[in-house]
Amino acid sequence: MATEKNYGNPELEAKLRDRYLYTDDTNPEFLNDVKKVSRTIAHMCYQCGTCTGSCPSAPRSSYRIRLFMRRGVLGLEKEALNDPDLWLCTTCYSCTDRCPRDIAPTDVIMAMRNLAFKYDIVPRNFLKTVQLIYTTGHGVPNNDVNRSAREKLGLSRDPPTTHSYPEFMPGIQKIIDHYKLKENADRILAEEGQ
Amino acid sequence: MAEAKEQPRIGVFICHCGTNIAGSLSIEEVKEYAMTLPGVVVAEEYQYMCSTPGQSIIVDAIAEHNLNGVVVAACSPRLHEPTFRIATQEGGLNKFRFEMANIRDQNSWVHMHDWEGATSKAKDQVRIAVAKARMLEDLEPKSVPVEHAALVVGAGVGGMQAALDLASAGIKTYLVEKNPTIGGRMSQLDKTFPTLDCSQCILTPKMVDVGRHPNIELMTYTEVENVEGYIGNFTITLRKKARGVLTPAEAEARGIVGGGCNGCGDCAEVCPVIKPNPFELGMAPRKAIYIYHPQVNPLLYTVDFDSCIKCGLCVTACGEEKKAIDLDVVDTFEQVRVGTCILAIGYDLIPIEGKKEWGYKRYDNVITGLEFERLICASGPTGGKLIRPSDGQIPKKIGFVLCAGSRDNTGGVAKPYCSRFCCMYSLKHAHQIMEKIPGAVPYLFYMDIRSFGKMYEEFYYRIQNEGAKFIRGRVANILEDPTSKNLTVFTEDTLLGRPLSLEMDMVVLAAAIQPKPEAERIRQMFGVSKSQDGWLLEAHPKLNPCGTTTAGIYLAGVCQGPKDIPDTVAQAEGAASAASIPIHIGEVQLEPYFAQCIEELCAGCGMCVNLCPYGALDLVEKDGRDVMEVTEAKCKGCGTCGGFCPGGAIKMQHFTSPQICAQIDAFLLEGGEQ
Ligand SMILES: Cc1cc2nc3c(=O)[nH]c(=O)nc-3n(C[C@H](O)[C@H](O)[C@H](O)COP(=O)(O)OP(=O)(O)OC[C@H]3O[C@@H](n4cnc5c(N)ncnc54)[C@H](O)[C@@H]3O)c2cc1C
Ligand code: SF4
Ligand code: SF4
Ligand code: SF4
Ligand code: SF4
């Protein structure tokens with residue numbers, strides 16, 4: 001039988017890395033930041049799992065809202081903000097409806113996303129959404145498939161939104177400019193070479 | 001009155017309470033300040049004034065300085081007024097020559113970070129106390145005899161145990177139960193954790209003992225209508241609800257010898273009215289004339305006059321010899337006099353249908369733990385066969401939802417507290433299905449298993465060993481398949497970190513518990529407070545768990561807070577012991593804070609008589625004119641009359657107008673000229 005010692009295999013090295021949680025890994029201010037932005041009692045989570053059990057995203061992805069709640073409580077800022085799962089919440093608020101500790105986990109996720117944005121950690125599709133809203137007023141603008149479907153249903157080709165009232169676009173752009181959203185989205189995408 | 005006014009000689013004693021007080025204000029400054037107050041002849045400070053050496057300082061100072069008033073600046077009178085009164089007495093003074101300044105709870109604890117402010121406030125407090133101490137008078141507490149009888153309200157296992165203990169201690173005990181039978185919730189249970197003995201089998205002997213104890217007067221189908229009086233002398237009005245059925249004794253009183261109900265049930269057989277039986281939680285029928293179950297005590301039928309159509313068939317069936325049924329009776333009232341009372345009125349489940357996500361009352365096969373008890377019980381509606389309400393099939397996969405509505409801060413029907421026995425009874429239920437149904441698998445959805453009692457953790461081990469599945473995750477929601485009526489339970493296995501959806505044949509909700517709705521009325525009648533969670537409030541959660549803040553009223557069982565049978569029985573025995581003490585002593589001392597009529601000033605207008613909330617005042621004729629007279633034992637010293645009397649003829653002992661004015665002056669004038 002051929003044997004392989006497998007020394008120096010980077011995959012194995014990764015598996016064998018130190019998993020202890022050290023206090024250095026945590027930022028105690030993170031929980032306070034999350035609470036300030038989310039305005040919910042994030043520190044009161046007792047890890048019951050009702051939120052994940054309610055979450056439509058959980059059975060379809062690796063996203064676990066309860067895990068983010070735990071990271072918040074422990075101050076695991078880096079781990080929370082760098083996890084791409086953070087962006088898989090649909091903001092349906094099912095967890096907020098049912099959390100027995102009366103916490104709003106949805107708002108905790110939104111707070112973490114806001115904090116992540118400060119470090120420029122935002123998935124590309126979110127940034128492109130910003131650009132689309134800036135130009136059309138819609139995250140998902142109308143398209144021809146939709147237009148013909150609307151016509152079949154006896155509706156106007158475009159909905160009574162910015163699509164029909166483009167005169168409201170400057171106002172929307174003003175708000176987005178005020179928060180430098182578009183500017184930042186453009187910058188981050190450019191830095192990524194997009 | 002005529003004797004020369006004595007010169008005040010006051011001693012002020014300031015306590016550090018370790019660092020509780022001394023850590024937040026300057027004891028030394030307060031002491032120096034006290035010495036400057038008029039009438040103060042000595043001021044001392046000590047680490048713990050309540051300790052034996054601390055009290056000796058007071059006793060010695062009284063003799064050495066010939067004091068006639070003592071002021072202790074320390075904690076609250078509630079905690080240590082009795083302690084310092086005894087010291088005052090030991091020093092040779094009347095014990096009411098004592099005044100307390102609460103510089104801890106009302107000062108150092110609130111102004112922990114304001115040394116200057118706290119010190120100056122303590123000076124104010126001492127000055128005010130000294131002002132009152134200068135005017136204190138000798139008073140004598142009043143002794144009143146205690147009625148040699150007790151009342152127990154509620155005949156669940158708690159009330160029954162309390163009544164048995166009181167009765168066995170030689171005290172006449174009235175045991176009042178609003179239902180037609182005694183037994184309470186425990187008689188609805190099948191088996192009891194952790195020993196798994198049959199609930200009825202261990203309860204029935206107690207029920208029988210209650211029924212035949214010579215010192216217990218059992219009054220079922222009876223409610224408390226009114227409460228008057230105070231410790232030692234309560235007058236309780238009881239409403240005996242119209243039962244429509246005579247006991248053999250009642251029949252004999254009507255001259256029907258050998259008659260009265262013998263429990264044969266001939267009446268129920270012919271009764272045409274069918275209603276749900278509340279004992280079976282509506283899962284079995286009963287007639288308009290009924291008993292809850294075969295082991296009822298007393299074995300006596302009851303007519304439900306809300307549904308009785310007065311057809312009289314039962315009267316005929318009962319027959320001329322027994323003549324036990326009288327459909328024209330009405331509620332009657334009876335007064336009893338007792339020295340002490342124990343409340344043991346138990347609990348209800350919350351209306352768990354309010355937690356919509358679990359579908360109770362919407363889905364056929366979602367039931368409560370209490371319904372499970374009746375369905376698994378051999379004497380229950382299905383003869384002990386656990387079946388699905390939807391189709392009568394035997395369930396194989398059964399989910400148990402723990403903490404259903406407990407430990408839940410979302411408001412509505414939910415309760416923030418732990419209901420304390422549902423973990424254990426869910427383990428018991430898991431065992432029961434594995435024992436009774438071959439191949440049945442229980443799934444317990446839990447957050448923590450709270451198995452805190454003796455042999456409880458061992459019970460948990462046993463049930464896990466028997467094959468129960470434990471899933472650590474609170475149930476998020478349940479959906480019903482409309483055709484099969486099977487249920488899908490959604491949660492997260494928090495230990496795996498994976499969402500879970502499991503199909504079950506039946507789901508049992510371990511619903512939270514709450515106080516009975518009538519607890520509110522009962523507690524107001526007996527003058528008992530409630531804690532923020534709604535349960536009746538004990539006098540002290542640790543040091544006086546059976547007493548209440550109303551002297552002579554005690555608590556037993558779940559009405560004071562969730563507890564299982566062992567804890568209920570233990571508390572009942574504690575309450576019985578506490579309630580028997582005043583009865584055995586035979587007299588109680590009342591604080592002499594009575595209103596006193598100064599007859600020279602009384603105009604006999606009688607306005608105060610109607611104002612008194614306790615009915616303590618009367619107008620009587622003395623020397624040819626009307627004057628007010630106080631029944632001291634009834635007066636609670638509330639001051640309503642004293643504050644009102646237009647002629648200033650009512651003196652509130654120990655809180656006289658001059659004393660209170662002196663305190664106000666001392667505060668407002670900061671010790672300046674009065
Ligand atoms: C599903 C379930 C299973 C359980 N299993 C177990 C177990 O296995 N082991 C265990 O230790 N514990 C168990 N328990 C807990 C147990 O039921 C309680 O600990 C126990 O019944 C408490 O007794 P109690 O006397 O305080 O109250 P209750 O049993 O509720 O009795 C109160 C009595 O007072 C009467 N009453 C109420 N109001 C008035 C009024 N105004 N006037 C006159 N009378 C009144 C009521 O009619 C009742 O008879 C279980 C509970 C549930 C819900
Ligand atoms: S439902 Fe609430 S308490 Fe439970 S794990 Fe989620 S956030 Fe925490
Ligand atoms: S709000 Fe987000 S985290 Fe909460 S249940 Fe919906 S998708 Fe899941
Ligand atoms: S006893 Fe167990 S199931 Fe009941 S509320 Fe407490 S933790 Fe939850
Ligand atoms: S978690 Fe590990 S140590 Fe604990 S009981 Fe299970 S196997 Fe044993």
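How many nonpolar, polar and charged residues are in the lining of the largest pocket? The lining has 26 nonpolar, 15 polar and nine charged residues. Here Ala, Val, Leu, Ile, Met, Phe, Trp, Tyr, Cys and Pro count as nonpolar, Asp, Glu, Lys and Arg as charged, and the others, Gly among them, as polar.

Before you start clicking: this is a predicted model, in which local features need pLDDT of at least 70 and side-chain atom pairs count only at pLDDT 80 or more, while totals for chains, interfaces and linings use all residues. Residues are numbered from 1 along each chain as its sequence is written, chains are lettered from A and ligands numbered from 1 in the order in which they are written, and side-chain values use heavy atoms, without hydrogens and water.

**Stop 1: the largest pocket**

Select Ile231(B), Thr549(B), Thr550(B), Ala551(B) and Glu591(B). Of the 50 lining residues, these lie nearest the centre of the largest pocket. The pocket holds about 2000 Å³ of space. A pocket is an open set of points on a 1 Å grid over the protein atoms alone, where a 1.4 Å probe fits, with protein on both sides within 12 Å along at least five of seven lines; lining residues have an atom within 4 Å of a point. Points are joined across faces, edges and corners, and the volume is the space filled by probe spheres set on them.

Now colour helix 3 (77-90) of chain B. Helix 3 gives the most to the lining, with seven residues. Other elements of chain B that supply at least two residues each include strand 11 (222-230), strand 12 (233-240) and helix 14 (519-526). Helices (H or I, at least four residues) and strands (E, at least two) are DSSP runs, numbered from the N terminus.

**Stop 2: ring pairs**

Stay on helix 3 of chain B and select Phe84(B), then add Phe98(B) in strand 4 (residues 98-102). A pair of aromatic rings is described by the distance of the centres and the angle of the planes. Rings of Phe, Tyr and Trp (its six-membered ring) pair if their centres lie within 6.5 Å; planes under 30 degrees apart count as stacked, over 60 as edge-to-face and the rest as tilted. The whole structure has 15 aromatic pairs over all chains. Phe84(B) and Phe98(B) form a tilted one, 6.0 Å centre to centre with 35° between the planes. The two residues are 14 apart in the chain. Phe84(B) is buried, at 1% relative accessibility. Phe98(B) is buried as well, at 1%. Buried means under 20% relative accessible area, exposed over 50%, partly exposed in between (1.4 Å probe, protein chains only).

Next, select Phe193(B) and Tyr456(B). Why is this pair edge-to-face? The planes of the rings stand at 90° and the centres are 5.4 Å apart, so the pair gets that name. Phe193(B) sits in the loop between strand 8 (191-192) and strand 9 (197-198), and Tyr456(B) in helix 13 (residues 456-466), so the pair ties together parts of chain B that are 263 residues apart in sequence. Phe193(B) is buried at 12%, and Tyr456(B) is buried at 3%. Add Phe452(B): ring pairs link Phe193(B), Phe452(B) and Tyr456(B) into a cluster.

**Stop 3: the ligands**

Select ligand 3. Its shell comes from chain A and includes Cys55(A), Cys89(A), Cys92(A) and Cys95(A). A residue is near a molecule if one of its heavy atoms lies within 4 Å of it. The shell has eight nonpolar, four polar and no charged residues.

Move to ligand 4. Its surroundings include Cys403(B), Cys418(B), Cys422(B) and Cys423(B). Strand 21 (397-404) and helix 12 (422-436) of chain B each give two or more residues to this shell. By class, the shell around ligand 4 has six nonpolar, two polar and three charged residues.

**Stop 4: far in sequence**

Select Arg374(B) in helix 11 (residues 369-376) of chain B. Is Arg374(B) buried or exposed? Arg374(B) is buried, at 1% relative accessibility. Add Leu189(B): the C-alpha atoms are 6.9 Å apart, with the two positions 185 residues apart along the chain.

Then pick Asp665(B) in helix 18 (residues 657-668) of chain B. Asp665(B) is partly exposed, at 29%. Its C-alpha lies 8.3 Å from that of Ile128(B), 537 residues apart in sequence.

**Last stop: domains**

Colour chain A by domain 1 (20-118) and domain 2 (124-191). Their C-alpha centres lie 29 Å apart. Domain bounds come from an automatic or database domain assignment.
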